[in-house]
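I opened a fresh page in my notebook today to look up how a protein chain is laid out. Come along and read over my shoulder.

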Amino acid sequence: MTIRIAVIGAGIMGADHARIVAHDLPRATLQVVCDTDADRAKSVAQEYAAVDCTTNPEDTIFRDDVDAVIIASPDTTHAPLSLACISARKRALCEKPLSHTSDDCLAVMRAEQDAGAKFIQIGFMRRYDRSYIDMRNTLASGGLGRPLMMHNFHRNVSTPATSFTGAMAITSSAPHEFDMIRHVLGAECTSIAAFQPRRSDDVVAPVVMVLETSDGQLVTVEINNNAVYGYDVRAELVGEAGSLSINTVAHSRIDRALSQFTQYDADWRGRFADAYRLQNRDFVRFVETGEFPVVASTAWDGYCAALIAETGVRALATGTKQAIDMIARPQFYV
Ligand code: ISE
């Protein structure tokens, strides 16, 4: 059976998911591209030979010729559209974040528990990235000794929108790090502090966060949405017996004129291309079997990332360390 997928949102991420569905998922087909901008929906649908294009997300979710949904629309639509997918009993791959607010995530968790099954896979694709897998496996094998610290650097070339703020860096970009901290260390975050340096211009300055974990680790996260030089995601896990660093992936090196250099990707689509493909293939298996992928993030993980983010926004606004007060993990998500 071929899985007929609707992609909701035809922006940067939606177009790339449409490409992956059309070219890299052998047991799936691109059934619909939906965007409230009809021209954009039509353009992406034509580029990747979708069966149809639409402008109404809810109608698209409930179509009989749609088996599964990839939600790649603006962040604020992720939780409502996830609820619609649960109501339609259709599995969805929801781009991160599930929401900017933990309350929205709790509503999605309640809907899944009421339905008696998981329907929403959250798009924290770094869990499928080889370098983070190496980090998590090396720690689990005892190769680093007891983990002490994790340092994370997340640098974009430029902000995706003119009105991008420090709070948005925390709620939109940093959830990747919040999820990977939990996934690699196997611990929850218990507090967060956040700071910003002063830039000489009016673009958003970096945000630097310091988090504590339930297992006594210290974690630093730098989000710099205006690094200019390249898309650069790095992390180092420091243990009592050693350290593992994620390398910036460069597929080639140029040697010329007494110098050598490697190039950065312009954005996440190149750096994490393999991770997106593997994540999306796991999603197709999820739709086919109903078995939630072992590696993937659930709505609970979406809640945890959103709670850390909204607490981080409060820490930045107040200039004080804030406790992260999580609910107890429901048995449904254990
Ligand atoms: C974007 O939404 C992503 O998810 C990328 O992975 C991340 O690197 C970028 O900072 C976000 O804006």
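**Entry: the sheet**

I started with the strands of this predicted model, and I found an open sheet of six, paired in parallel and ordered 3-2-1-4-5-6. Next I looked at the edges: strand 3 (52–54) and strand 6 (120–122) each have a single partner strand, so one side of each is left without a neighbour in the sheet. I also noted the twist, which averages 25° from one strand to the next.

Then I picked one pair to follow. Strand 1 (residues 3–8) and strand 4 (residues 68–71) run parallel and are joined by four bridges. In this pair I found Ile8 standing opposite Ile71 of strand 4.

**Entry: two helices on the sheet**

Which strands does helix 1 lie across? I looked it up: helix 1 (residues 12–24) lies across strand 1, strand 2 (28–34), strand 4 and strand 5 (91–94). Helix 1 runs at about 155° to strand 2.

Helix 4 (residues 78–87) packs on the sheet too, and I saw that it touches strands 1, 4, 5 and 6. The direction of helix 4 makes about 175° with that of strand 4.

**Entry: the ligand**

I listed the residues around the ligand: Lys96, Met125, His154, Asn156, Ser173, His176, Tyr231 and Trp268. Sorted by class, I have three nonpolar, four polar and one charged.

Which distances did I write down for ligand oxygen atoms and side-chain N or O atoms?

- Lys96: 3.1 Å.
- Asn156: 2.8 Å.
- His176: 2.9 Å.

Last, I checked the cover: on its own the ligand has 300 Å² of accessible area, and the protein covers 92% of it.

Note on methods
Residues are numbered from 1 along each chain as its sequence is written. This is a predicted model: local features need pLDDT of at least 70, side-chain atom pairs count only at pLDDT 80 or more; totals for chains, interfaces and linings use all residues. Side-chain values use heavy atoms; hydrogens and water are left out. Two strands pair if DSSP finds at least two bridges between them. Axes are lines fitted to C-alpha atoms, for helices over the stretch in contact, and angles run from 0 to 180 degrees between N-to-C directions. Contact means heavy atoms within 4.5 Å. A residue is near a molecule or strand if one of its heavy atoms lies within 4 Å of it. A polar contact is a pair of N or O atoms within 3.5 Å; within protein, one must be able to donate a hydrogen and the other to accept it, and residues adjacent in sequence count only if both atoms are side-chain atoms. Accessible areas come from the Shrake-Rupley method with a 1.4 Å probe; for residues, only the protein chains shown count as cover. Ala, Val, Leu, Ile, Met, Phe, Trp, Tyr, Cys and Pro count as nonpolar, Asp, Glu, Lys and Arg as charged, and the others, Gly among them, as polar.
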